[in-house]
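User: I'd like to learn how to read a protein–DNA assembly, feature by feature. Could we begin with charged pairs across a chain boundary?

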Number of protein chains: 2
Amino acid sequence: MTFSSGEERTVPGSPGDVLTLISAGSATTRSDLARVTGLARSTISQRVDALIERGLVRETESGESTGGRPPRQLRLHTADHVVAGVDLGATHCRIKLMDISGAVLTTCEDPMLIAEGPETVLTHVDARIARLLTEAGRDRGALKAIGMGVPGPVEFATGRPNNPPIMPGWNDYPVPEFFAGRYDATVLVDNDVNVMALGEQRDAFENSGYLLFVKVGTGIGCGIVTEGRLHRGAQGSAGDIGHIRVSGHDEAGCRCGNSACLEAVAGGAALARRLTDLGFPAESAGDVVALVQSGNTQALRLVREAGRLIGEVLASLVNFYNPEVIVIGGALARVHDHLLAGIRETIYRRSLPLATHHLTIVPSHTGEDAAALGAGILAIEHYLAPDNINRIVNAGESAGVSA
Amino acid sequence: MTFSSGEERTVPGSPGDVLTLISAGSATTRSDLARVTGLARSTISQRVDALIERGLVRETESGESTGGRPPRQLRLHTADHVVAGVDLGATHCRIKLMDISGAVLTTCEDPMLIAEGPETVLTHVDARIARLLTEAGRDRGALKAIGMGVPGPVEFATGRPNNPPIMPGWNDYPVPEFFAGRYDATVLVDNDVNVMALGEQRDAFENSGYLLFVKVGTGIGCGIVTEGRLHRGAQGSAGDIGHIRVSGHDEAGCRCGNSACLEAVAGGAALARRLTDLGFPAESAGDVVALVQSGNTQALRLVREAGRLIGEVLASLVNFYNPEVIVIGGALARVHDHLLAGIRETIYRRSLPLATHHLTIVPSHTGEDAAALGAGILAIEHYLAPDNINRIVNAGESAGVSA
DNA sequence: GGGCTTCCGCCGACCTCCGAACAAAGTCCG
DNA sequence: CGGACTTTGTTCGGAGGTCGGCGGAAGCCC
């Protein structure tokens with residue numbers, strides 16, 4: 001009789017799979033690749049040759065000998081393959097130019113109002129990317145993909161924002177088409193919380209199959225990574241936890257028209273308003289953080305209370321989704337000691353023991369850069385995806401290297 | 001520039017993939033298969049021959065001619081391949097013997113106490129399966145897989161219950177091993193709500209990628225189907241929504257030790273207790289249903305109120321998970337008119353418009369049979385999975401047909 | 001320096017899949 | 001009623017990719 005065991009390891013075959021292994025660092029020599037994939041050494045050599053010829057891989061210095069001929073190390077050929085990770089917020093724009101190994105080449109950050117509409121904003125983004133390419137000494141053609149996180153729901157397949165509440169003029173705007181004539185690059189647009197979740201999972205929790213990333217800023221949102229892939233839901237609106245009802249706050253009206261929404265009682269904007277009422281002027285989540293850091297006890301109390309309310313909602317989601325890791329990010333996470341205390345307290349009290357037993361709850365370690373980094377990773381992974389690489393290799397066109 | 005488009009159709013190759021198409025009815029002749037897969041007719045013939053030789057497929061009568069030679073129809077050879085779908089509840093046992101096309105051959109249903117422990121219960125199950133096989137005139141060796149739903153969390157990979165609250169003696173009991181000497185069949189054990197969700201998705205919502213199945217019986221649980229696959233979470237406890245807190249009921253203590261759990265205010269057991277207090281004796285969810293059907297206005301009021309409370313929790317989950325379909329099942333769904341009214345009302349009031357716009361909320365259409373059918377489908381899909389079929393075909397052993 | 005080990009390219013053997021040609025089994029039409 | 005046509009399914013040689021052995025390359029150990 002056969003037992004229901006875990007998944008069988010599928011034997012990867014194509015050039016794209018080989019590149020994935022090199023990229024992940026799982027195998028850096030031809031022999032390694034043969035061992036890991038189970039393919040014959042001769043087959044691997046053939047594949048690697050094709051990747052080298054297309055300019056995707058190159059040999060570096062020989063490695064350490066283990067008693068015999070030293071293996072030749074293989075690396076991604078990063079010089080001619082870069083991506084841009086774009087983080088568009090309500091009032092800022094951060095861009096990171098990264099090579100396909102994930103290394104950040106150059107960065108920029110400007111104030112910018114997303115409410116000025118897509119043409120204005122994207123023209124700005126285009127100019128910044130061009131400048132970053134120049135600064136990094138890369139050719140325009142080296143830009144292979146653009147990842148972008150925006151503060152609202154997006155139909156990921158088409159890259160069009162879907163009724164975003166704080167992005168006037170962007171509804172259904174075809175963002176990828178804007179870049180069509182400007183770069184020969186794939187453009188991927190997603191919700192900012194989604195790319196933050198992806199980035200955090202890839203950076204710090206690669207082995208965790210079930211991760212939630214909770215962003216606590218002006219509003220509150222959540223990115224969901226299930227078995228390594230983003231969960232976007234049927235309409236791409238999954239993770240919108242800011243308007244979940246919390247008990248005992250029916251007096252708090254929310255901009256969405258309902259009352260007692262999590263965001264209306266525990267979001268940065270709500271906290272700022274309440275602090276102002278208490279005589280401590282604050283306008284934004286950043287002001288709240290500043291008050292906490294200056295030792296204001298009212299601010300501290302409110303943040304901890306916000307943590308409890310967020311924890312109440314997360315306790316429900318822990319029972320439902322059963323995550324392995326919860327990451328807390330966003331502006332308010334800068335005072336994570338106080339925020340996390342409230343969150344942890346409530347989750348461990350209200351969730352099932354089986355679900356919390358191996359649950360890890362941590363602050364984001366990428367901080368302010370989370371969205372731009374995550375957007376870059378989204379772009380890199382798309383570009384290096386086996387299917388895409390196979391297409392490039394089979395197309396017979398040189399991928400970047402001028403002959 | 002390349003746009004971020006939907007997934008490319010991968011071209012299926014192996015014998016297992018061919019069988020999957022025949023099984024799904026997507027292609028019933030060799031020519032069809034060639035067109036659908038893109039493989040050459042000669043290759044398809046080769047594959048089909050192998051499947052016929054192994055006893056997995058057979059030719060039936062010729063089909064309609066479309067002006068040329070009439071195609072020979074291919075069907076799954078169901079005679080020598082059957083599975084059992086087992087539904088173990090707290091107080092009952094239902095088993096359906098199904099062939100691998102999904103047709104139910106024979107059924108049985110007995111009262112049974114799961115609290116009597118695994119040896120007693122599984123011995124009973126074994127005897128029932130043997131009798132069903134005899135009734136259906138099938139050989140013992142024809143049983144290829146057993147799917148089983150149990151009322152508690154399970155570590156699916158090993159088939160061991162994981163600290164189930166209402167299954168004393170079952171914790172960590174290796175269910176598949178029990179059947180090891182008795183049948184040459186794979187044994188798959190899962191939470192009952194999970195198999196119900198799977199069955200409903202396959203039966204009625206094949207095209208829906210994001211489905212929640214909510215079972216409202218004695219307790220309340222939820223099965224999650226994401227992109228066609230069950231979401232079990234990190235510890236296999238995902239979907240345990242019965243202990244999510246609902247607002248305004250802090251007086252209601254729950255058997256889990258907390259208060260205001262959904263199950264403690266809206267579960268069948270809780271409703272029965274409150275009806276008893278009101279002077280209408282009721283012990284189980286079934287009694288509650290009977291009272292509603294007899295026109296008892298108190299019972300009706302309580303059920304509708306339960307619907308609102310369940311709806312409150314589901315409203316949160318709709319925002320978080322963004323499902324396409326919510327199916328309501330379990331004993332209380334027999335009065336679904338009243339239950340659904342409350343659920344729908346609350347979800348549409350409290351969830352985001354983007355998430356509810358294309359949301360469908362319906363009662364289960366498989367009713368009491370949901371778990372047994374779902375367990376059978378789980379078993380069939382495992383047995384017909386391409387990897388498994390390839391293994392059978394390549395092993396060179398005849399799969400069931402005595403030579 | 002010679003044996004040993006490991007790495008890597010080359011080449012014949014093998015396997016799978018393809019496509020063309022052919023056989024089979026029906027329809028259509030004069 | 002018979003031949004042309006259409007569609008289905010099989011046979012067979014060839015193309016392409018993978019395997020594994022062989023030998024050369026390049027280091028370590030004694």
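Analyst: Happily! A salt bridge is a side-chain nitrogen of Lys or Arg within 4 Å of a carboxyl oxygen of Asp or Glu. Between chain B and chain A the count is four salt bridges. In one of them, Glu227(B) pairs with Arg229(A), with the closest N and O atoms 2.5 Å apart. Before we go on, some ground rules: this is a predicted model, in which local features need pLDDT of at least 70 and side-chain atom pairs count only at pLDDT 80 or more, while totals for chains, interfaces and linings use all residues. Residues are numbered from 1 along each chain as its sequence is written, chains are lettered from A and ligands numbered from 1 in the order in which they are written, and side-chain values use heavy atoms, with hydrogens and water left out.

User: How many residue pairs are in polar contact between chain B and chain A?

Analyst: A polar contact is a pair of N or O atoms within 3.5 Å; within protein, one must be able to donate a hydrogen and the other to accept it, and residues adjacent in sequence count only if both atoms are side-chain atoms. Between chain B and chain A there are 20 residue pairs in polar contact, both residues being at pLDDT 80 or more. As for the elements involved, helices (H or I, at least four residues) and strands (E, at least two) are DSSP runs numbered from the N terminus. On the side of chain B that touches chain A, the elements supplying at least two residues each include strand S9 (186-191), strand S10 (210-216), helix H10 (297-321) and helix H11 (336-350). H10(B) gives the largest share of that side, six residues.

User: What is the make-up of the side of chain B that touches chain A, by class?

Analyst: The classes work like this: Ala, Val, Leu, Ile, Met, Phe, Trp, Tyr, Cys and Pro count as nonpolar, Asp, Glu, Lys and Arg as charged, and the others, Gly among them, as polar. By that scheme, the side of chain B that touches chain A divides into 29 nonpolar, 21 polar and eleven charged residues. For the extent of the interface, contact means heavy atoms within 4.5 Å, and 61 residues of chain B are in contact with 61 residues of chain A. Buried area is the accessible area (1.4 Å probe) that two parts lose on being put together, summed over both. Here the area is about 5200 Å², and carbon and sulfur atoms give 55% of it.

User: How is chain B related to chain A?

Analyst: Two copies of a chain are related by a rotation about an axis and a shift along it. Copies are superposed by least squares on the C-alpha atoms of residues with pLDDT of at least 70 in both. In this model, a turn of 180° and a shift of 0.1 Å along the axis lay chain B on chain A with an RMSD of 0.1 Å. That is the relation of a two-fold axis. Both copies use the same surface, since 100% of the contact residues of chain B recur in chain A. Ser247(B) is the residue of chain B that comes closest to the rotation axis, with its C-alpha at 2.5 Å.

User: Now the DNA. Which residues are closest to DNA strand C?

Analyst: A residue is near a molecule or strand if one of its heavy atoms lies within 4 Å of it. DNA strand C is surrounded by 22 residues, and the closest are Ser45(A), Gly68(A), Arg72(A), Thr43(B) and Arg47(B). Of the strand C atoms within 4 Å of the protein, 69% belong to sugar or phosphate and the rest to bases. The bases are reached too: the side chain of Ser42(B) has an N or O atom 2.8 Å from a base oxygen, and a backbone N or O atom of Gly67(B) lies 3.1 Å from a base nitrogen. H3(B) provides the largest share of this surface, four residues. By class, the surface has four nonpolar, eleven polar and seven charged residues.

User: And which residues are closest to DNA strand D?

Analyst: Among the 24 residues that surround DNA strand D, the closest are Thr43(A), Arg47(A), Ser45(B), Gly68(B) and Arg72(B). Sugar and phosphate make up 62% of the strand D atoms that come within 4 Å of the protein. For phosphate oxygens of strand D, a polar side-chain atom of Thr43(A) lies 2.7 Å from one, and a polar side-chain atom of Arg47(A) lies 2.2 Å from one. H3(A) gives the most to this surface, with five residues. The surface divides into four nonpolar, twelve polar and eight charged residues.
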